[in-house]
Amino acid sequence: MKLDILAFGAHPDDVELGCGATVAKEISLGKKVGIVDLTRGELGTRGSAEIRDKEAAEAAQILGVSVRENLRFRDGFFVNDEKHQLEIIKMIRKYKPEIVLCNAIDDRHIDHGKGSKLVSDACFLSGLRRIETVLDGERQEAWRPKIVYHYIQWKNIEPDFVVDVSGFMEIKEKAVMAYSSQF
């Protein structure tokens, strides 16, 4: 399935918190949007990975995304290396998005910055034909997104651009509230 936008989050709820209203707005404009979570958020102080899986599915339904996947990287301990880059590359080549959204590079949570750099690097590498990937027994073709945007979750970071999400905050709030174990 070809997506217009693929949003990555280090943890389930990152996309909802960081760009949930933008995702809802783009879907309302007819864009196909997907979400890929890098981890299950298993180190979180509240809830469990299993509960967060269910919450992520509910939030995805509220937002109306076409697909949501979880790469099950180790929360707190994934790194920007070949193994992890190749898993992200597979997702980019699978969905062929024009736009990728990911966590801010500079953020107070260590996984957010690591995840952002990992996804950004994989976006570049995914366009290199000499990097071979296979998914579900099929060789994937090289694909590079046209744009990579970094969304901001915390107020102390100055944005590079702002998206008017008037009229979509209620959907974002409902998606965020789907993570009831976190509140």
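Strand β4 (residues 99-103) has four of its five residues buried, so the strand is largely enclosed by the rest of the structure. Keep in mind as you browse that this is a predicted model. From β4, this briefing moves to its partner strands, then to Ser-120, helix α1 and the largest pocket, whose lining takes two or more residues from each of α1, β4, β7 and α5 (169-177).

**Strand β4 and its partners**

- On one side of the pairing list is strand β1 (residues 5-9), which runs parallel to β4 and is joined to it by three bridges.
- Within that pairing, Ile-5 has Ile-99 of β4 as its bridge partner.
- Strand β7 (residues 147-151) also runs parallel to β4, and five bridges join the two.
- Here you will find Cys-102 standing opposite His-150 of β7.

**Ser-120, a neighbour of that pair**

- Ser-120 sits in helix α4 (residues 110-125).
- Is Ser-120 buried or exposed? With a relative accessible area of 18%, Ser-120 counts as buried, because the cut-off for that label is under 20%.
- Leaving aside residues up to four places away in sequence, Ser-120 touches Cys-102, Val-148 and His-150. Two of these names, Cys-102 and His-150, are the residues that stand opposite each other in β4 and β7.

**Helix α1**

- Helix α1 covers residues 14-28, which makes 15 residues.
- From first C-alpha to last, α1 reaches 20 Å, close to the 21 Å expected at 1.5 Å a residue.
- Where is the kink in α1 centred? Look at Gly-20, where the helix has a kink of about 75°.
- Like β4, α1 is largely enclosed by the rest of the structure, because 11 of its 15 residues are buried.
- Gly-20 is itself on the buried list, and so are its sequence neighbours Cys-19 and Ala-21. Others on the list include Asp-14, Glu-16 and Glu-26.
- Just after the helix, Gly-30 takes a positive phi of about 95°.

**The largest pocket**

- The largest pocket has a volume of about 740 Å³.
- Its lining is made up of 28 residues, and the closest to the pocket centre are Gly-18, His-150, Tyr-151, Ile-152 and Phe-161.
- Which element gives the largest share of the lining? Helix α1 does, with seven residues.
- Some familiar names come together here: Gly-18 is among the buried residues of α1, while His-150 is in contact with Ser-120.

Methods. Residues numbered from 1 in each chain as written. Predicted model: local features only at pLDDT ≥ 70, side-chain atom pairs only at ≥ 80, totals over all residues. Heavy atoms only, no water. Expected span 1.5 Å × (residues − 1). Bend = angle between axes of the 7 residues up to and from the residue. Buried < 20%, exposed > 50% of the residue type's maximum accessible area, 1.4 Å probe, protein only. Pairing = 2+ DSSP bridges. Contact = heavy atoms within 4.5 Å. 1 Å grid on protein atoms, 1.4 Å probe; cavity = no way out; pocket = protein on both sides within 12 Å on 5 of 7 lines; lining within 4 Å. Points joined across faces, edges and corners; volume = space filled by probe spheres on them.
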